[in-house]
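Me: I would like to learn how to read some features of a structure, taking each general idea before the case at hand. Please begin with the terms for exposure.

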Amino acid sequence: FADRDVTLAMAYDDKNLYVCFSARNAGPMKNSGNDWHRLFKTGAAVDLQIGTDPKAATTRQSPVAGDTRLLMTMVKGEPAAVLYQPNAPGAKPDEAWETHTSVFQSGFDRVVKVPEVSLVARGDANSYCVEAMIPLKVLGLAIQPDVCYKMDWGSLVSGPDGSSVMQRLYWANPQTSIVSDEAAESMLHPDLWGMVRFGTGTGPKGKPEIDMESTLKGGAGDEFKLDEE
């Protein structure tokens with residue numbers, strides 16, 4: 001990310017996904033938002049986007065059931081996590097949310113706060129570390145080892161006051177320059193996500209290996225694979 005240093009580490013077990021976002025030269029982890037539906041507009045946050053259905057078409061242009069966004073931040077010093085699902089069969093009517101601008105329209109079957117996510121953050125005016133324990137059931141994710149899932153992750157960069165988003169930095173999606181259109185910024189683009197594979201082997205610290213590849217291999221109709229290192 002040019003002069004900004006943002007990284008993600010992940011691990012998992014049979015109940016939880018564990019994530020650690022680290023950032024330098026990316027401003028504070030501070031969000032002053034009053035509307036939790038719109039925390040992606042009102043300050044800094046970290047973002048995890050994943051397609052929980054590995055059988056869904058990898059070339060899909062629009063979100064399908066299982067495509068999920070989990071936004072995590074610190075709102076006025078308190079942790080907050082919000083789940084966004086554009087396509088969620090069985091969602092309650094009062095969980096729906098949509099936003100319109102003069103150019104774009106974006107709708108979600110379910111947008112809910114998820115207090116089940118355990119979240120801690122520390123940092124200063126220019127850097128932060130956000131660690132979270134995310135129950136797999138919150139994501140609707142049943143991990144199948146050695147199976148590829150579409151995924152992306154990123155950081156929303158705020159200024160010192162944590163009242164707006166100055167830059168959107170994502171691992172795989174290159175089309176994130178818009179910071180002035182709420183509807184566009186809320187959308188999920190699974191066609192621009194990378195891939196993740198939760199392995200059965202264990203790494204040097206005894207935790208299951210996780211491989212990520214931001215560039216898809218293959219073409220339309222091919223099986224997408226990860227580069228192995």
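Reply: A residue is called buried when its relative accessible area is under 20%, exposed when it is over 50%, and partly exposed in between, with a 1.4 Å probe and protein chains only. By this scale Glu131, at 32% relative accessibility, counts as partly exposed, whereas Arg122 is exposed, with a relative accessible area of 51%. The model is predicted, so local features need pLDDT of at least 70 and side-chain atom pairs count only at pLDDT 80 or more, while totals for chains, interfaces and linings use all residues. Residues are numbered from 1 along each chain as its sequence is written, and side-chain values use heavy atoms, with hydrogens and water left out.

Me: What do Glu131 and Arg122 form together, and how many salt bridges does the structure hold?

Reply: A salt bridge is a side-chain nitrogen of Lys or Arg within 4 Å of a carboxyl oxygen of Asp or Glu. The structure holds eight salt bridges, and one of them joins Glu131 to Arg122, with the closest N and O atoms 3.1 Å apart.

Me: Are Arg60 and Asp67, which also form a salt bridge, buried or exposed?

Reply: Arg60 is buried, with a relative accessible area of 8%, and Asp67 is buried as well, with a value of 1%. In their salt bridge the closest N and O atoms are 2.9 Å apart.

Me: Which parts of the chain does the salt bridge between Arg69 and Asp47 tie together?

Reply: Strands (E, at least two residues) and helices (H or I, at least four) are DSSP runs, numbered from the N terminus. The side chains of Arg69 and Asp47 meet in a salt bridge at 2.8 Å, N to O. Because Arg69 lies in strand S4 (residues 67–75) and Asp47 in strand S3, the pair ties together parts that are 22 residues apart in sequence. Both Arg69 and Asp47 are buried, and the relative accessibility of Asp47 is 0%. Asp47 also has its C-alpha atom 9.8 Å from that of Val82, a residue 35 positions away along the chain.

Me: How should I read an enclosed space, and how many cavities of 30 Å³ or more does the search find?

Reply: On a 1 Å grid over the protein atoms alone, a cavity is a set of points where a 1.4 Å probe fits but cannot get out, and its lining residues have an atom within 4 Å of a point. Grid points are joined across faces, edges and corners, and the volume is the space filled by probe spheres set on the points. A search of the whole structure finds two cavities of 30 Å³ or more. The largest cavity holds about 70 Å³ of space, and among its 13 lining residues Gln49, Arg168, Tyr170, Asn173 and Met187 lie nearest its centre. Strand S3 (45–51) and strand S12 (165–170) are the elements that give two or more residues to this lining.

Me: What lines the second largest cavity, and how does that lining divide by class?

Reply: For classes, Ala, Val, Leu, Ile, Met, Phe, Trp, Tyr, Cys and Pro count as nonpolar, Asp, Glu, Lys and Arg as charged, and the others, Gly among them, as polar. The second largest cavity, with about 40 Å³ of space, has a lining that includes Arg60, Cys148, Tyr149, Lys150 and Met195. Five of its lining residues are nonpolar, two polar and three charged, and strand S11 (residues 148–158) gives the most, with three residues. In the largest cavity, by comparison, the lining has four nonpolar, four polar and five charged residues.

Me: Where are positive phi values found in residues other than glycine?

Reply: Asn25 has phi near 60°; this residue is in the loop between strand S2 (16–24) and S3 and is partly exposed, with a relative accessible area of 36%. Lys76 has a positive phi of about 50°, and its place is the loop between S4 and strand S5 (78–85), where Lys76 counts as exposed at 58% relative accessibility.

Me: Is Phe40, in the loop between S2 and S3, buried or exposed?

Reply: Phe40 is buried, with a relative accessible area of 2%. Its C-alpha atom is 7.4 Å from that of Ser186, although the two residues are 146 apart along the chain.

Note on methods: On a 1 Å grid over the protein atoms alone, a cavity is a set of points where a 1.4 Å probe fits but cannot get out, and a pocket is an open set with protein on both sides within 12 Å along at least five of seven lines; lining residues have an atom within 4 Å of a point.
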